[in-house]
Amino acid sequence: MIPFNRPYLTGNEKDNIAEALASRKLAGDGMFTKKCHAWFEKKYGFKKALLTTSCTDALEMCALLLDIKVGDEVIIPSYTFVSTANAFALRGATIKFADSQADNPNIDPAEIERLITTRTRAIVVVHYAGVACDMDRILALASMHNLVVVEDAAQAIDSYHNGLPLGSLGALSAFSFHETKNIICGEGGLLAINDQRYVVRAEIIREKGTNRSSFFRGEVDKYGWVDVGSSFLPSDMLAAFLYAQIESLDQIQNERRRVWDRYYQNLVDGAKRGWFDIPFIPQYATNNAHMFYLVCRNIDERTKLIDTLKLNGISAVFHYLSLHSSPYFSKVHDGQKLANSDRYTDCLVRLPLFSELADNQVDMISDLIMTLYSKACIS
Ligand SMILES: *Cc1c(COP(=O)(O)O)cnc(C)c1O
């Protein structure tokens, strides 16, 4: 069986964790957490990097930092993971769902324009598959209407928009190190802060609403309850794991790109024949090889494709179900049809992609797909 994902281990995770154990400092913000923070700040130019227990938590921190309240409107793509919306729904925000672009699943800037009202507070963008949203247009809209941009960069580590790292463009950004992402620690995340005004409060919110971080730096002589907050910091053992992955980032990315490029070469002809679409990378975006997907012509063809691959021992999987038509949200959705989001819901399928997927496995998967279409098993 070829799984959809196989978490990659560099081999150095155990040594790092042993070092963390030997230090007898197992809680958050230990030596490895500090190393991770410094690395992210240096490599991507974030004003402040703070590890969190998940990307979901980093997004919840964003909603707290922006003081999102009942009645505030937040614009979010419908084609995304629940956490993107939940973080803001938890604060009582009114979620305004936007459609995706026709040529890729990212939020359509024209949709953002349609949804902006006097109550809009923030725009949350999701760089789907690690491919940048149209940030020039989005940032221009945000500055024209005085809105904060939050990047859900869960899938977007080491990817760029016109040369600038994703996660450095919004005021706040959230990354994920869940085992399905490019670099991992099982469960983990990062809040990246690019606007200085959020830095002090982010540390407080992450430390249960206390100024414990300043206390440990010797800036105050006691710490106490100074704001709302929760426990968002991961154990240093997780940071130790993550640091091993960080140190192998280039190697991991090269292997993922090898797989991605091979799928592309193998399947581009099927796209030219109109059998399916393959990922489109706009000029302003890079490809961090987080995901290789096909967009089928309809849901029946996708079902047939997934079933055929499964019969051959290959796990290919569909992705998000449009949040605007979810059981939780459909009752309050404004009725607007989000055609592209629904098309990706019905037609997008992700192929296995991980560092250790061998060339011959990629070829085998690709051949099965090309054969299925060329034999016109799919009408
Ligand atoms: C993976 C993912 C998340 C959630 O990440 P966790 O670390 O599991 O909380 C959020 N948004 C997107 C777009 C994701 O892909």
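**Close-up 1. Lining of the second largest cavity in the predicted model.** The residues that line this cavity are N104, P105, N106, Y128, A129, V131, P279, F280, I281 and Y293. Eight of the lining residues are nonpolar and two are polar. No charged residue takes part. The volume is about 30 Å³. Domain 1 (13-247) and domain 2 (249-374) both contribute to the lining, so the second largest cavity lies between them.

**Close-up 2. Lining of the largest cavity.** This cavity holds about 50 Å³ of space. Its lining includes N5, R6, P7 and Y8. E179, K181, N182 and I184 also line the largest cavity, as do R256, F354 and S355. By class, four lining residues are nonpolar, three are polar and four are charged. Residues from domain 1 (13-247) and from domain 2 (249-374) both appear in this lining, so the largest cavity, too, lies between the two domains. The count of cavities of 30 Å³ or more comes to two.

**Close-up 3. Domain 1 and domain 2.** The chain divides into domain 1, residues 13-247, and domain 2, residues 249-374. Their C-alpha centres are 26 Å apart. On the domain 1 side, 43 residues are in contact with domain 2. On the domain 2 side, 33 residues take part in these contacts.

**Close-up 4. The shell around the ligand.** The ligand is surrounded by 14 residues. The closest are T56, D152, Q155, S176 and K181. In the shell, five residues are nonpolar, seven are polar and two are charged. K181 belongs to this closest group and also lines the largest cavity.

**Close-up 5. Polar contacts of the ligand with C55, D152 and K181.** A polar backbone atom of C55 lies 2.9 Å from an oxygen atom of the ligand. The side chain of D152 places an N or O atom 2.8 Å from a ligand nitrogen atom. For K181, an N or O atom of the side chain is 3.0 Å from an oxygen atom of the ligand. On its own, the ligand has 390 Å² of accessible area, and the protein covers 93% of that area.

Key
Residues are numbered from 1 along each chain as its sequence is written. This is a predicted model: local features need pLDDT of at least 70, side-chain atom pairs count only at pLDDT 80 or more; totals for chains, interfaces and linings use all residues. Side-chain values use heavy atoms; hydrogens and water are left out. A residue is near a molecule or strand if one of its heavy atoms lies within 4 Å of it. A polar contact is a pair of N or O atoms within 3.5 Å; within protein, one must be able to donate a hydrogen and the other to accept it, and residues adjacent in sequence count only if both atoms are side-chain atoms. Accessible areas come from the Shrake-Rupley method with a 1.4 Å probe; for residues, only the protein chains shown count as cover. Ala, Val, Leu, Ile, Met, Phe, Trp, Tyr, Cys and Pro count as nonpolar, Asp, Glu, Lys and Arg as charged, and the others, Gly among them, as polar. On a 1 Å grid over the protein atoms alone, a cavity is a set of points where a 1.4 Å probe fits but cannot get out, and a pocket is an open set with protein on both sides within 12 Å along at least five of seven lines; lining residues have an atom within 4 Å of a point. Grid points are joined across faces, edges and corners, and a volume is the space filled by probe spheres set on the points. Domain bounds come from an automatic or database domain assignment. Contact means heavy atoms within 4.5 Å.
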